[in-house]
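Student: I have a structure open and a few questions. Can we go through it bit by bit?

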Amino acid sequence: MVIGIVIAIARELKAFLESDFKVETIKNGYFDIYRCKVNGNDVYATKSGYGKVDAAAATQMLISCYKCEKILNFGVTGALDRALKVSDLFVVKGATNYDYDVSPIDPVKKCQYEEFEDIWVPFDYELYALAKSIKPDLKDACVATGDAFVEDKTKKGELSNLGCNICDMEIASIARIAYLNGAGCLSIKCISDTYDGDGGDFITNVNASAAKAFALLREILLKL
């Protein structure tokens, strides 16, 4: 199997590069590609950069250039629920691009792409089930994805009302591109910033939460 991993930022990539995988770096245009073998599978990882456009471009590149059959993602995320704490770990079961809206001109809901029945971009159920089998107490997440870091509590309330409990800037686009190419998608997320922004030092949280998310993804890779 050929597996792609889309990682948004350098602080998250660090967890992958510091693992025990024997990684070779190659270049593909703008992207650095980190290639390795895990459990007999070819793995290609790359850092996309922030936001939906860069994440979609990285995902398509991994699929088109390296024929990736599965697209995995791990990283940090923001809480849309006051009950969530730094280091809470999630497997994503659905995501929506909250700032996408063609409902004034097409017969869809706000946030809905025409190829889906509702606002949720789907994920690979078999990969989801594998994550749950490895960590049975793993929480489910519905993610609000958009091209902005969300601090405003009014906005957090709006996103929560969509049915989302966490937010990020990439995963709905990663999952949609994977879906359109017939590739399964899995995402593991870990809280780095709380609803009230009172979870301590942000950079420390990002490093620790990214490492925790990757630790589970590593176990998943070893089972594929």
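Student: Ile-220: buried or exposed?
Tutor: Buried, because its relative accessibility is 0%. Keep in mind that this is a predicted model.

Student: Where does Ile-220 sit?
Tutor: In helix H6.

Student: How far is Ile-220 from Leu-180?
Tutor: In sequence, 40 residues. In space, 23 Å from C-alpha to C-alpha.

Student: What about Phe-202, and which element holds it?
Tutor: Phe-202 is also part of a helix, namely H6. Phe-202 counts as partly exposed, because its relative accessibility is 32%. Buried would need under 20%.

Student: Which surface patch does Phe-202 belong to?
Tutor: A nonpolar one of about 270 Å². Phe-149, Phe-202 and Ile-203 make it.

Student: Switching to pockets. What is the volume of the largest one?
Tutor: About 290 Å³.

Student: How many residues line the largest pocket, and which lie nearest its centre?
Tutor: The lining has 19 residues. Nearest the centre are Tyr-50, Val-76, Phe-149, Asp-168 and Met-169. Phe-149 came up before, as part of the nonpolar patch.

Student: What classes of residue make up that lining?
Tutor: There are 11 nonpolar, 3 polar and 5 charged residues.

Student: Which elements each supply at least two residues of the lining?
Tutor: Two helices and three strands do. The helices are H1 (10–17) and H6 (202–223). The strands are S5 (70–79), S8 (166–168) and S9 (184–193).

Student: Which of them gives the most?
Tutor: S5, with 3 residues.

Student: New topic, salt bridges. How many are there in the whole structure?
Tutor: The search finds 15.

Student: Let's take a few. What is the partner of Glu-24?
Tutor: Arg-35. Their closest N and O atoms are 2.7 Å apart. Glu-24 is in strand S2 (residues 24–28) and Arg-35 is in strand S3 (residues 31–38), so the pair links distant parts of the chain, 11 residues apart.

Student: Glu-24 and Arg-35: how accessible is each?
Tutor: Glu-24 has 39% relative accessibility, so it counts as partly exposed. Arg-35 has 28%, which makes Arg-35 partly exposed as well.

Student: And Lys-132, what does its side chain meet?
Tutor: The side chain of Asp-140, in a salt bridge of 3.0 Å from N to O. Lys-132 is partly exposed, at 22% relative accessible area. Asp-140 is partly exposed too, at 27%.

Student: Next, Asp-196. Which residue does it bridge to?
Tutor: Lys-153, with the closest N and O atoms 2.8 Å apart.

Student: Why does that pair tie together parts of the chain?
Tutor: Because of where the two residues lie. Asp-196 is in the loop between S9 and H6, while Lys-153 is in helix H4 (residues 153–161). So the bridge joins parts that are 43 residues apart in sequence.

Student: How accessible are those two?
Tutor: Asp-196 is at 34% relative accessibility, so it counts as partly exposed. Lys-153 is at 39%, so Lys-153 is partly exposed as well.

Student: Last one. Which residues are linked with Lys-153 in a network of salt bridges?
Tutor: Arg-82 and Asp-196.

Terms used. Residues are numbered from 1 along each chain as its sequence is written. This is a predicted model: local features need pLDDT of at least 70, side-chain atom pairs count only at pLDDT 80 or more; totals for chains, interfaces and linings use all residues. Side-chain values use heavy atoms; hydrogens and water are left out. On a 1 Å grid over the protein atoms alone, a cavity is a set of points where a 1.4 Å probe fits but cannot get out, and a pocket is an open set with protein on both sides within 12 Å along at least five of seven lines; lining residues have an atom within 4 Å of a point. Grid points are joined across faces, edges and corners, and a volume is the space filled by probe spheres set on the points. Helices (H or I, at least four residues) and strands (E, at least two) are DSSP runs, numbered from the N terminus. Ala, Val, Leu, Ile, Met, Phe, Trp, Tyr, Cys and Pro count as nonpolar, Asp, Glu, Lys and Arg as charged, and the others, Gly among them, as polar. Patches are made of residues with over 30% relative accessible area and no salt bridge: like charges are joined within 9 Å, nonpolar side chains (Val, Leu, Ile, Met, Phe, Trp, Tyr) within 5 Å. Accessible areas come from the Shrake-Rupley method with a 1.4 Å probe; for residues, only the protein chains shown count as cover. A salt bridge is a side-chain nitrogen of Lys or Arg within 4 Å of a carboxyl oxygen of Asp or Glu. Buried means under 20% relative accessible area, exposed over 50%, partly exposed in between (1.4 Å probe, protein chains only).
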